[in-house]
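This briefing walks through one protein chain, topic by topic, and it is meant to be read with the sequence and the 3D view side by side. Please keep both open while you follow the points below.

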Amino acid sequence: MKSILCYGDSNTYGLMPDSPDRYPRDVRWTGILQKKLGEDYYVIEEGLSGRTTLWDDPIEEHKNGKKYLLPCLDSHKPVDLVILMLGTNDLKTRFSLTPFDIGASVENLVKVLLKSDAGIDYQPPKVLLVTPVPIHSVGRDDLDHMFFDVEERSQALAHYYEEVANRYLIEYLNPGSAIETNELDGIHYSAKGHAAMAELMEKKVREILE
């Protein structure tokens, strides 16, 4: 059985828009991916709402993705593939980060993964770096203040993520506008978006592991 660790934020957790609840497992992209891949694969959900790449959130605690990455790997090893999809929360105004900064932050996590012994035979796991789906403004003042100038900045991430993937010779996926976000916040995937993400992920995972 091949193990796939999905390390991400609220869109990996499956958070529903404007709700503390999550979509059922059979609606979340991770759950759909498990069903599509079948019994020869084990899809591990490691999504945390608000998780950053490596930044301590001054408002929400315990969100630093780097601090938990190695313990998480050790908890699940050996892992064939790590799907790394973080960076959306780094776009929050309170962090004052440019897309370049966020690309450098996710590069740091990639280096942690490639130095780890969490893969098969104590080698590093394979890594699939995924650019977060761009955020679109829905005209809500609270969100527009939380994520200043977010449409342009979120769309700019793909360039820097692809550079990181090419630099370290790891797998890369940019879902872009193929994933539908909900109309309430423009951040979290709709049920249709989860299904589309699962389809993209299945194709990519099979390319990597089969």
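Is Y160 buried, partly exposed or exposed? The model is a predicted one, and in it Y160 has a relative accessible area of 24%, so this residue is partly exposed, since that class runs between 20% and 50%. The points below begin with the sheet, go on to the helices, and then turn to the aromatic rings and to some single residues.

**The sheet**

- The chain forms an open sheet of 5 strands, in which the pairing is parallel and the strands follow the order 2-1-3-4-5.
- Strand 2 (41–47) and strand 5 (171–173) each have a single partner strand, so they stand at the edges and one side of each is left without a neighbour in the sheet.
- On average, and with direction ignored, neighbouring strands of this sheet are turned by 20° against each other.
- Strand 1 (residues 2–8) pairs with strand 2 in the parallel sense over 7 bridges, and within this pairing I4 has V43 of strand 2 as its bridge partner.
- Strand 1 also pairs with strand 3, again in the parallel sense, over 5 bridges, and here G8 stands opposite M85 in strand 3.
- Strand 3 pairs in turn with strand 4 over 4 bridges in the parallel sense, where L81 stands opposite K126 of strand 4.
- Strand 3 is mostly covered, with 5 of its 5 residues buried; L81, I83 and M85 point one way from the strand while V82 and L84 point the other way, and all are buried.

**Helices on the sheet**

- Helix 2 (residues 29–37) lies across strand 1, strand 2 and strand 3 (81–85), and its direction is at about 175° to that of strand 2.
- Helix 4 packs on the sheet as well, where it touches strand 3 and strand 4 (126–130) and makes an angle of about 170° with the direction of strand 3.

**Aromatic rings and charges**

- A pair of aromatic rings is described by the distance of the centres and the angle of the planes.
- The structure holds 1 aromatic pair: the ring centres of F100 and Y160 are 5.8 Å apart and their planes stand at 85°, so the pair is edge-to-face, a class that begins over 60 degrees.
- This pair links distant parts of the chain, because F100 belongs to helix 4 (residues 99–115) and Y160 to helix 7 (residues 157–168), 60 residues apart.
- F100 has a relative accessible area of 51% and is exposed, whereas its partner Y160 is partly exposed.
- Two arginines lie over tyrosine faces: R22 is at 4.0 Å from the ring centre of Y13, and R51 is at 4.2 Å from the ring centre of Y7.

**Two buried residues in helices**

- T12 lies in helix 1 (residues 10–13), and its relative accessibility of 1% makes it count as buried.
- Leaving aside neighbours within four places in sequence, T12 is in contact with C6, W29, T30, E46, G47 and M85.
- T12 and Y42 are separated by 30 residues in sequence, and their C-alpha atoms are 15 Å apart in space.
- E202 is found in helix 8 (residues 191–209), and with a relative accessible area of 17% it is buried, because the cut-off for that class is under 20%.
- When neighbours within four places in sequence are left aside, E202 is in contact with L33, K36 and L37.

**Backbone details in the loops**

- A cis peptide bond, with omega at about 5°, joins K77 and P78, and P78 is placed in the loop between helix 3 (65–76) and strand 3.
- D121 has a phi near 55°, which is a positive value in a residue other than glycine; D121 sits in the loop between helix 4 and strand 4 and counts as exposed at 63% relative accessibility.
- L169 likewise has a positive phi, near 55°, in a residue other than glycine; L169 lies in the loop between helix 7 and strand 5 and is exposed, with a relative accessible area of 78%.

**From the record**

- According to an unreviewed UniProt entry, the annotation "domain: SGNH hydrolase-type esterase" covers residues 6–196.
- Over residues 6–196 the chain is 38% helix and 12% strand, and the C-alpha atoms at the two ends are 16 Å apart.

Note on methods
Residues are numbered from 1 along each chain as its sequence is written. This is a predicted model: local features need pLDDT of at least 70, side-chain atom pairs count only at pLDDT 80 or more; totals for chains, interfaces and linings use all residues. Side-chain values use heavy atoms; hydrogens and water are left out. Rings of Phe, Tyr and Trp (its six-membered ring) pair if their centres lie within 6.5 Å; planes under 30 degrees apart count as stacked, over 60 as edge-to-face and the rest as tilted. Buried means under 20% relative accessible area, exposed over 50%, partly exposed in between (1.4 Å probe, protein chains only). A charge sits over a ring if NZ of Lys or CZ of Arg is within 6 Å of the ring centre and within 35 degrees of the ring normal. Two strands pair if DSSP finds at least two bridges between them. Axes are lines fitted to C-alpha atoms, for helices over the stretch in contact, and angles run from 0 to 180 degrees between N-to-C directions. Contact means heavy atoms within 4.5 Å. UniProt positions are given in the numbering used here, feature names are shortened, and annotations may be inferred rather than shown by experiment.
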